[in-house]
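Student: I want to learn to read a model like this one, feature by feature. Can we take helix packing, cores and backbone angles in turn?

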Amino acid sequence: MENSGQPGNKETHAPDCGEVSGLLMAWSQGDQEALKRLTPIVYEELHRLARHYMRGEQSGNSLQTTALVNEAYIRLTGYKRMRWENRAHFFAVSAQLMRRILVDHARRHNLKRGGGVQHVLLEDTAVVGGERDEDLVALDAALQALARIDSRKAKVVELRFFGGLSVEETAEVLRLSAVTVMRDWSTARAWLYREMSGAPRDGC
Amino acid sequence: MDADRWKQVDELLQNALSLPAEQRDEFLQQACGPDAALRREVQSLLTSHQEAGNFLRRPAVDVAAEATAHASDAQLPVSPEGQIISHYRVLSKLGSGGMGVVYEAEDVRLGRRVALKFLPEALARDPRTLQRFKREARAASSLNHPSICTIYEVEEHDHQPVIVMELLEGKSLKEGIQQGKIATEELLESGIQVADALAAAHAKGIVHRDIKPANLFLVDGGRVKILDFGLAKMAGSPLEDGVDEESLTAEGVIPGTTGYMSPEQIRGEEIDGRSDLFSLGVVLYEMAAGKRPFAGKNRVLLMHAILNEKPDPVSSLNLHVPKELDSIIGRCLEKDREQRYQQAADICSDLKRLRGSTPSGKPVALVAEFPAERKSTRLRLWTFLALACLGMMAVASGVYWRSHRAHALTEKDTIVLSDFTNTTGDAVFDGTLRQGMAVQLEQSPFLSIISEERMQRVLRLMGQPLDARLTPEIARDVCVRTGSTAVLDGTIASLGSHYVLGLRASDCRTGIILAEEQIQAARKEDVLNALGEIAGKFRSRVGESLITVQKHNTPLAEATTSSLEALKAYSAGWKISASQGTGAAIPFFKRAIDLDPKFASAYAALGLMYGDGGESALAAEDTSKAYELRQRASDEEKFFIAAYYDGRVTGNLEKAEQTCELWAQTYPREDLPHRFLSGFIYPASGRYEKSIEETQKLIEIDPDAVFAYEVRASDYAALERMEEAEKTINVGAALKLESPAFVSLRYDMAFLKGDSAGMEREVSLARAEPAGEARIANHEAFALAYTGHLHQARQMSRSAVEVTEQAGHRERAGIFEAGAALREAFFGNAAAARESAKAALRFSKDREVEYGAGLALAISGDSSLSISLAEDLERRFSEDTSVRFSYLPALQAMLALKRGNPSKALELLQAAAPYELGSHRSSFVGLFGNLYPSYVRGEAYLATHQGVEAAGEFRGILEHRGIVISDPIGALARLQLARAYLMSGDRTQAKSSYEDFLKLWRDADPDIPVLKEAKADYAKTQ
């Protein structure tokens, strides 16, 4: 097999799954150094995706982008390769990390661009009709508010939106049924949407 | 809000959501009773729920990446704000998104305000795209109509294209419609303006192609402006919009579908101005009815509706609509464009006539109806522009793709390839292209093509010949019967001197086309490259990640051969091997190699064919050649070649194991690594449980793999879990799986159970097939000898050898003969053993033959020949796992024992310890060799008078009947155990062991030396 040009040669910039997992573990145990080292890896991935985004748009192929997003999660978390003692814990930590880094990224981004104008869109305004464009920073704040009322629903959103987990995976992490996760998700989404859009509400 | 209250809100919300929308109000009235605050809270969440649309639907990293993409796009080398570009002073940014940034600017020369749209660098990178873009934009800029958003000019700034256009303020018709049905007067006014504008454009030969409310802008002051004229042409098709939001975000923007498309657009035909008229009809309908004429839960259903359904008349949905409008819209929406309005001007005059007859009779100032906020309008404006450009960017480059999929394939789906429909008249493409496509697609860790084994099984069920041409119809049937998802049909046709290749994937149950592609090849030699290109596109189209597509996509010419003729022979070889057996395929692979002596896969295939026929030497030669040339193979094929080389040629199972594990990891849907691991790698080192795990994986990949059941049943037997072994066989039988090896296995299982009726049943089954006869005869020979029926065993063995030799399988004949030699040797017929051993060596020098013959010679006193065989094995197979850890230790120890040096023998046998309970290659065909080191060790202990230790060895052999099966040492271990007990002073046990042996051999031929010895020994214990 040696020198046979077998697949498995790592891409030059690909983060090492083992390394990422190790850092995640360290971070979950309170090692802030680990976060500093994880951030550039996530950024790198983000930019890699962004580049593909451009190319994908060029060829009109968003299907590829969808595949890439899945790929990004897999690369970042390495969860398919790693045999973590506790898969659920691992998912939860990954989602937290993504939330932390992406929100920070958005926060800096907004600052740089003078704030307010260049939002990180949570929905495709072009498709929905440009009604509301809110950013990750506002979502983060709204999510914190939701956590105060119903921490489980906030967790569901964190895992699904930031962690990229499916309903089934979220259910596995939180030890809930898939039906409960879907119900939590729909309530939380409505609640967050209202919170972020400043729609009238009754403070009952 | 306290927790209980929130819980109540949550529950009410969920309950309300489970009801149809129109029942929710009533439900909340009842459920909340007098608690109005509670009702309002739930009501407001319900509203948010409805509005939330795609909020949070896409994962955060995707959203952030897209924003980053746009942001980096927005980051022009130097921000143009405040700069003067040509004669425009850039003022402030209106917005950015999609594929560009829009700024408000002042035309210094003319003193008017304009909008500048900076197109992204990405566009500028491709000169052809840029050229085309400029050409189209200039053509569109020639349109001069009050209802067309004017493009003033196309500039360049830092090599970036910049469109200078009319600055608009207002809002889109889409938003207008969202606020409700539109009054007839307004509708007529807008319709007249749009129709008039279309008439002007069509007169210049420019078709919009994407007329929809989002592209119609309601300007303050009552004008309607059509945006992005002509730009959609560059997209090849309009963009997704509206009702398909769900599928859009879930699957991405796939150009070519929208609720506003005309039937001819959907069918992908050439379109003309009449297509715009259909779209205008859809818009008018929506304005009047508040909903679109055609709806569908997903794209496919929507397309179906547009093509086939007749919408309800508008007047049935809106009582204020005059009947005449019904007929105007109806004529716009004619499916057949010949039946439709032929000119936009005709619509325009019909609408005008209707306007003249309506009660108010005067146009309505739209601005009063649609007050617009300045800021949001600007933001919306750029959104629309961006949207149009997004589509514009989807410029096809050489390859034309149309995708109708409702969803991508998943890694659980399997696909079926049909044979290419070849209308070129050139037979070289027959079969060749399907094989080429298979090679390309098999490189994908994501896709799984159904195995040949399953294909054969289904063809049999369908009553088709095994070499049936896989027409699209047959392939579809196979697809449905195997529970596969998609069938992939290919075509090749000539077009002048060119070739046109087509590929179409369709859902075999619904017939819905999932993806379609065409590609041209200028010359015959380019066809293989074109095929590779289509395959790569297809893989990413159906959902494989770009990363694996890029990583595992060796071009076909490099993965196989650049010679079409060689590929044709190779393809034919596989087809013949499936229908007529491996032997018949050999000449085809040989021909492929003659045509391209560097065709690695053809050598590998030939090696496999020889190996299957039991011709190790020939197999080794071709497999080594394939291994040498393995750089000229696809990644997937490289794994196969390396694994087969180590498994079959060097016998280095440690290396083969590593290869197979990596292979399985890289290609999780490939069955072969699991076959190798379960079939011979794990069993060789006695890891039967791991082997069982592998058979499970194999069954998951290929539910019809009879091999998995064979291996699993032997594994259970080796673990002495006979009930599970039997259960496995029964499951296989229930699935109607059958193979010659399965018959032999069932024979052995019946043998182990002492079920002679079962044995006979399998014998008659095996004899029904010519290839099965010799094989089963060898099994019978061992079974007969096991109970001392040596004469009958000899006859049976002789017949097995003769039949095999006549069939040309000399190596297999040699192994059978070596087995006969061993039986004679163990039973004490030294002369017969030497004779058989030499006969075996005349057949073949294969390692199993040399080992069996060598051991028989060592036992029978021909040390010198035996030593030279041991040396030969050591020299030729220095890497071979079984040779190193089982054959040589047993053989050399036996030689040491015969030299009178039992302690040396014991020392030599230490090497065998890790592989003690393994099942070795010799036992697969030859049915001998397992646990031999243990047997020889027992004899050595007897020679050193260590009775207890000797007894331990022989007991071990008797406790592993499922590994030993019908090997003569299984019978003789009883006799040896008796001797060991006697030596250790346990006369009672010794006596019972002697009786055990004599009972087994009660009907044995009386002249067998070991039997005579046994009887004499037993007499002494009396």
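Tutor: Start with a helix pair. H49(B) and H50(B) cross in a left-handed sense. Keep in mind that this is a predicted model.

Student: At what angle do H49(B) and H50(B) pack, and how far apart are their axes?

Tutor: Look at the axes before the side chains. Helix H49 covers residues 987–1000 of chain B, and helix H50 covers residues 1009–1021 of chain B. They pack at about 145 degrees, with their axes 10 Å apart.

Student: Which residues of H49(B) meet H50(B)?

Tutor: B:Arg987, B:Ala990, B:Lys991, B:Tyr994, B:Phe997 and B:Leu998 supply the H49(B) side. Opposite them in H50(B) sit B:Ala1014, B:Asp1017, B:Tyr1018 and B:Thr1021. Then sort the contact by character. It has six nonpolar residues, one polar and three charged.

Student: How do the axes of H42(B) and H43(B) cross?

Tutor: H43 spans residues 902–909 of chain B. Its axis and that of H42(B) come within 7 Å and cross at roughly 170 degrees. An angle over 145 counts as roughly antiparallel, so H42(B) is roughly antiparallel to H43(B).

Student: What meets what between H42(B) and H43(B)?

Tutor: From H42(B), take B:Pro889, B:Gln892, B:Ala893, B:Ala896 and B:Leu897. From H43(B), take B:Pro902, B:Lys904, B:Ala905, B:Leu908 and B:Leu909. This contact divides into eight nonpolar residues, one polar and one charged.

Student: Now the cores. Which residues touch the most other members of the largest nonpolar core?

Tutor: Look for the best-connected members. Here they are B:Phe589 and B:Ala856, in a core of 209 residues. Helix H42 (residues 881–898) of chain B gives the most to this core, eleven residues.

Student: What does B:Phe589 touch, leaving out residues up to four places away in sequence?

Tutor: Its partners are B:Tyr570, B:Gly573, B:Ala602, B:Ala605, B:Leu606 and B:Met609. Apart from the largest core lies another, of 67 residues. Its members include B:Val164, B:Val224, B:Ile226 and B:Ile306.

Student: Next, burial. Is B:Ser172 buried or exposed?

Tutor: Count C-beta neighbours; 20 or more inside 10 Å makes a residue buried. B:Ser172 has 26, so it counts as buried. It belongs to strand S7 (residues 170–172) of chain B. Check sequence separation too. B:Phe217 is 45 residues away along the chain, yet the two C-alpha atoms are separated by 4.3 Å.

Student: And backbone angles? Where is A:Arg175 found?

Tutor: Most residues other than glycine have a negative phi. A:Arg175 has phi near 55 degrees, a positive value. It is found in the loop between helix H8 (167–174) and helix H9 (178–197) of chain A. Only 8 C-beta neighbours lie inside 10 Å, so A:Arg175 counts as exposed.

Student: Is B:His945 buried or exposed?

Tutor: B:His945 is exposed, with 11 other C-beta atoms within 10 Å. Its phi is near 60 degrees, again a positive value in a residue other than glycine. It is found in the loop between helix H45 (932–943) and helix H46 (947–959) of chain B.

Student: Last, a whole chain. How many helices and strands does chain A have?

Tutor: Count elements, then look at burial and contact range. Chain A has nine helices and zero strands. Of its 204 residues, 49% count as buried. Among its contacts between residues at least 6 apart in sequence, 58% join residues at least 24 apart.

How values were computed
Residues are numbered from 1 along each chain as its sequence is written. Chains are lettered from A and ligands numbered from 1 in the order in which they are written. This is a predicted model: local features need pLDDT of at least 70, side-chain atom pairs count only at pLDDT 80 or more; totals for chains, interfaces and linings use all residues. A nonpolar core is a set of buried Ala, Val, Leu, Ile, Met, Phe, Trp, Tyr and Cys residues joined through C-beta atoms within 7 Å. A residue is buried if 20 or more other C-beta atoms lie within 10 Å of its own, exposed if 12 or fewer, and partly exposed in between; C-beta atoms are placed from the backbone. Helices (H or I, at least four residues) and strands (E, at least two) are DSSP runs, numbered from the N terminus. Two residues are in contact if their C-beta atoms, placed from the backbone, lie within 7 Å. Axes are lines fitted to C-alpha atoms, for helices over the stretch in contact, and angles run from 0 to 180 degrees between N-to-C directions. Angles under 35 degrees count as roughly parallel, over 145 as roughly antiparallel, 65 to 115 as roughly perpendicular and the rest as oblique. Ala, Val, Leu, Ile, Met, Phe, Trp, Tyr, Cys and Pro count as nonpolar, Asp, Glu, Lys and Arg as charged, and the others, Gly among them, as polar. A crossing is left-handed if the near helix is turned anticlockwise from the far one by less than a right angle, and right-handed if clockwise.
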